[in-house]
Amino acid sequence: MDGGARSTPRVAIVTPYRPGDPWRERNWRHVSGHYARHHPWPHIAADTPGEWSKGAALNAAVAGTDADILVMADADSFTSPGAVEAAVQAVADGAPWAVPHNVVYRLTDEESLRVIAGATPDPRNLVRPQYAGPAGGGIFAITRSAWDTVGGIDTRFTGWGGEDIALRCALDTLAGPAVRIGADLFHLWHPHPAPDLLGSPEVEALKQAYLDAHRSPRQMRALVAHEPPPGADPLPAPRRFRTPRPSRVVRVGNKPARFTNHLLVTRDPDIAEAMALFDNVEEVTEGRAGIEPASPALQAGA
């Protein structure tokens with residue numbers, strides 16, 4: 001662009017949706033109308049042949065659009081238009097992804113019908129208590145680059161459940177944490193495909209693999225590529241990391257990493273690589289004067 005002008009990013013809303021269920025069709029009509037009224041962006045319904053796979057549906061839809069920013073929005077949920085716009089703006093400003101909502105309100109069937117008829121949602125009429133929605137589920141905005149970095153949603157998640165947690169773990173580890181806008185999300189009622197909130201044994205095992213690889217880039221890169229976990233031979237020499245807090249424990253997947261007297265010493269390759277993902281942690285070197293003190297910038301973050 002002449003004069004350094006910035007181009008306007010192309011935005012598309014992508015919704016995983018398969019027709020055939022009367023409740024979901026009812027909710028889709030309301031949600032798609034909501035987006036048509038409030039946002040100028042194209043709205044793509046994503047489906048895939050065969051057994052339902054949210055990942056296969058969304059990945060195919062993303063491949064078919066040239067949008068720079070993708071708003072992934074479930075077919076039965078909505079939040080305030082301003083929060084969605086704020087999430088898109090956060091991504092346009094450099095965040096890899098952003099979540100417009102925090103608290104989720106799952107409305108009763110009767111309350112859903114009232115909302116579809118034009119009423120304002122009443123957060124007291126719920127089928128379960130309100131809860132903090134996981135990043136990666138409901139609605140979020142994301143750059144195409146971040147989506148491609150993790151390969152989209154793992155298509156091995158079929159049926160119901162697990163893919164939102166897996167996507168959050170992958171993005172946290174390989175792209176960076178989400179920006180949270182903090183609005184409310186309302187979920188329109190439909191029969192739940194998994195009343196016990198559990199997927200198949202295969203889905204639950206795959207979800208656990210993502211949790212175990214969380215904040216381990218080496219492990220996560222293999223997982224999203226559908227490759228076997230890499231070996232974890234100890235590093236040839238220990239690496240040392242410092243944090244301003246005297247005592248601190250962080251987790252790298254299922255491994256605790258413990259700082260004692262400000263210092264962590266490790267030969268674990270996953271823990272060493274993960275330290276770059278944590279705030280107020282820096283690697284230190286050992287010289288004739290011993291362990292170097294934390295830098296002024298790190299001390300300022302104490």
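In strand E3, the residue that Ile-13 bridges to is Val-71. That pairing is a good way into this predicted model, and it belongs to a longer match: strand E1 and strand E3 (residues 69-73) run parallel and are joined over 4 bridges. E1 has another partner too, since strand E2 (residues 43-46) also pairs with it in the parallel sense, again over 4 bridges. On that side, Pro-16 sits opposite Ala-46 of E2. The link between E1 and E2 involves a helix: E1, helix H1 (residues 22-38) and E2 together form a right-handed β-α-β unit.

So how enclosed is E1 by the rest of the structure? Strand E1 covers residues 11-16, and 6 of its 6 residues are buried, so the strand is largely enclosed by what surrounds it. Neither face is left open. Val-11, Ile-13 and Thr-15 are buried on one side, while Ala-12, Val-14 and Pro-16 are buried on the other.

Pro-16 turns up again in the search for empty space inside the protein, where it helps line the largest cavity. Rolling a probe the size of a water molecule over the atoms shows where empty space is left. The search comes up with 1 cavity of 30 Å³ or more, and the space in the largest cavity is about 40 Å³. Besides Pro-16, its lining takes in Lys-54, Leu-58, Met-72, Ala-73 and Asp-74, and further along the chain Gly-136, Gly-137, Gly-138, Ile-139, Phe-140 and Ile-153. The elements that supply two or more of these lining residues are helix H2 (54-63), strand E3 and strand E7 (139-143). Sorted by class, the lining holds 7 nonpolar, 3 polar and 2 charged residues.

Some residues in loops are worth a look as well. Asp-122 belongs to the loop that lies between helix H4 (109-116) and strand E6 (131-132). Is this residue buried or exposed? Its relative accessible area is 16%, and the cut-off for buried is under 20%, so Asp-122 counts as buried. As for company, and setting aside neighbours within four places in sequence, Asp-122 makes contact with Leu-107, Glu-111 and Arg-114.

Two histidines catch the eye for their backbone angles. Most residues other than glycine have a negative phi. His-226, though not a glycine, has a positive phi of about 60 degrees. His-262 also shows a positive value, with phi near 75 degrees. Where do these two histidines sit? His-226 is in the loop between helix H8 (217-224) and strand E9 (239-242), whereas His-262 is in the loop between strand E11 (255-260) and strand E12 (263-266). With a relative accessible area of 41%, His-226 is partly exposed. His-262 is partly exposed too, at 22%.

Stepping back to the whole protein, the model contains 10 helices and 15 strands. Its C-alpha trace spans about 75 × 55 × 40 Å along the principal axes. The protein has 302 residues, and 46% of them count as buried. Contacts across the chain tell their own story: of those with a separation of 6 or more, 74% are between residues 24 or more positions apart.

Conventions:
Residues numbered from 1 in each chain as written. Predicted model: local features only at pLDDT ≥ 70, side-chain atom pairs only at ≥ 80, totals over all residues. Heavy atoms only, no water. Buried < 20%, exposed > 50% of the residue type's maximum accessible area, 1.4 Å probe, protein only. Pairing = 2+ DSSP bridges. Right-handed = clockwise from strand over helix to strand, strands pointing away. 1 Å grid on protein atoms, 1.4 Å probe; cavity = no way out; pocket = protein on both sides within 12 Å on 5 of 7 lines; lining within 4 Å. Points joined across faces, edges and corners; volume = space filled by probe spheres on them. Nonpolar A, V, L, I, M, F, W, Y, C, P; charged D, E, K, R; others polar. Contact = heavy atoms within 4.5 Å.
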